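Biologist: Please take a close look at one part of this model, the sheet, and describe how its strands are arranged. Then set that part in its surroundings.

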Amino acid sequence: MDSAVMHEQHTDAVWLKFRPSWAYIDGIREFCGFFCNTTLSDRRFTERVQLIAQELLENAVKYSDHASTSSVVIEMLIERSKQDFMIAVSNAGTLEMVDALRKEIATIASMEPQEAYSYAMRRVARSGTSTNRLGFARLRCDGQVEISATMTEDGRIRVEARGTI
Amino acid sequence: MSGLGTLKGLSLETVSLELANDGSLHIQGTITLPKPTEAIGPYIDQVHKAVVADGRKEYRVDVTRLTFVNSSAIRLFVDWVIRLEDEGKPYQIVFVTDPSRIWQRTAFRSIMTLTDDCARIES
């Protein structure tokens with residue numbers, strides 16, 4: 001994380017790195033909620049942040065290479081002066097994985113948030129698979145954020161959610 | 001013997017599913033399991049079969065105290081409603097929700113688009 005950002009007076013930030021294990025997710029989501037609630041005392045915002053953190057963390061842990069020594073990193077910035085925030089989660093991955101994420105994000109972004117959520121539910125209903133693919137639709141609808149996926153220079157997939165407080 | 005009357009609740013680490021005296025299902029806590037359809041799905045299957053055995057035409061599921069779920073848990077409710085559609089609406093499910101919780105308001109609104117009248121929301 002940029003040190004200038006870390007020292008900005010009106011910016012609150014979290015940066016956590018952990019091995020890709022499901023066991024961390026509940027605790028990190030709760031910590032993000034505690035952090036937001038302490039920063040802004042806004043129950044609805046806290047609820048949104050926890051939901052976003054949960055979905056992004058689950059996605060990163062599910063698709064991480066568990067046999068490697070790779071890690072998952074979560075960053076959260078709350079810029080009070082601009083009334084906006086960002087949550088990003090990164091994990092080791094391939095270009096093909098990023099392309100698949102971008103395709104899914106574009107599909108979800110092509111519709112209104114609630115419509116996209118309904119679309120994602122219709123898609124999963126009677127699909128006969130255990131895969132949900134509800135996450136990005138939920139991020140847009142409940143989290144009220146715009147989502148992007150990029151491949152970083154060090155070969156990590158970074159999924160970023162940005163929105164207003 | 002009532003189908004629902006023979007059923008007990010289900011209690012997991014962060015969530016409990018309890019049957020009230022009127023037979024309605026009350027779910028409280030949080031669901032963030034990696035595979036909730038495996039951990040909770042079989043219990044919901046039992047509840048569904050019991051409701052059908054009892055010949056109820058309406059069944060209430062109270063989620064007002066279900067404070068947080070992951071998207072995999074939402075699949076539980078999607079599958080339940082789709083099952084009612086596929087079985088020719090043996091009963092109507094009434095989701096009792098708390099609209100002040102963002103996830104409940106939006107998730108159940110979208111679930112309603114999966115069915116004409118197998119489910120409704122009560123707030």
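**The sheet of chain B**

Modeller: In this predicted model, five residues lie between the strands in the hairpin of β2(B) and β3(B), and B:G23 takes a positive phi near 90° there. The two strands of this hairpin, β2(B) and β3(B), pair in the antiparallel sense over five bridges. One of the residue pairs is B:E18 with B:H26, the latter being the bridge partner in β3(B).

The hairpin belongs to an open sheet of six strands, with the order β1-β2-β3-β4-β5-β6 (chain B) and mixed pairing. β1 (10–11) and β6 (119–122) of chain B stand at the edges; each has a single partner strand, so one side of each is left without a neighbour in the sheet. As background, strands of a sheet pair through backbone hydrogen bonds, either parallel or antiparallel.

Start from the β1(B) edge. β1(B) pairs with strand β2 (residues 15–19) of chain B in the antiparallel sense, over two bridges. Here B:L10 stands opposite B:L17 in β2(B). Helix α3 (residues 71–86) of chain B packs on the sheet and touches β3, β4 (58–69), β5 (92–96) and β6 of chain B. The direction of this helix makes about 155° with that of β5(B).

On from the hairpin, β3(B) and β4(B) run parallel and are joined by six bridges. B:G29 has B:L66 in β4(B) as its bridge partner.

A residue of β3(B) shows how these two strands sit together. B:Q28 is found in strand β3 (residues 25–31) of chain B. Its C-alpha atom and that of B:L66 are separated by 4.2 Å, although the two residues are 38 residues apart along the chain. Leaving out residues up to four places away in sequence, B:Q28 touches B:S16, B:R65 and B:L66. Is B:Q28 buried or exposed? B:Q28 has 15 other C-beta atoms within 10 Å; a residue needs 20 or more to be buried and 12 or fewer to be exposed, so B:Q28 is partly exposed.

Now for the chain that holds the sheet. Chain B has four helices and six strands, and from the N terminus on its elements run β-β-β-α-α-β-α-β-α-β. Of contacts in chain B between residues at least 6 apart in sequence, 72% join residues at least 24 apart. Of its 123 residues, 36% count as buried. The C-alpha trace of chain B spans about 35 × 35 × 25 Å along its principal axes. A compact globule with 123 residues would have a radius of gyration near 14 Å, and the 13 Å of chain B agrees with this.

Chain B also touches chain A. The contact takes 26 residues from chain A and 19 residues from chain B. On the side of chain A that touches chain B, α3(A) gives the most, with eight residues. The residues of that side of chain A divide into nine nonpolar, seven polar and 10 charged.

Last comes the nonpolar interior. The largest nonpolar core has 72 residues, and those with the most contacts inside it are A:L57 and B:V81. α3(A) gives the most to this core, with nine residues. Residues up to four places away in sequence aside, A:L57 touches A:I25, A:I28, A:R29, A:V72, A:I74 and A:V89.

Definitions and conventions:
Residues are numbered from 1 along each chain as its sequence is written. Chains are lettered from A and ligands numbered from 1 in the order in which they are written. This is a predicted model: local features need pLDDT of at least 70, side-chain atom pairs count only at pLDDT 80 or more; totals for chains, interfaces and linings use all residues. The radius of gyration is taken over C-alpha atoms; the globule rule is 2.2 Å times the number of residues to the power 0.38. Two residues are in contact if their C-beta atoms, placed from the backbone, lie within 7 Å. Ala, Val, Leu, Ile, Met, Phe, Trp, Tyr, Cys and Pro count as nonpolar, Asp, Glu, Lys and Arg as charged, and the others, Gly among them, as polar. A nonpolar core is a set of buried Ala, Val, Leu, Ile, Met, Phe, Trp, Tyr and Cys residues joined through C-beta atoms within 7 Å. Two strands pair if DSSP finds at least two bridges between them. Axes are lines fitted to C-alpha atoms, for helices over the stretch in contact, and angles run from 0 to 180 degrees between N-to-C directions.
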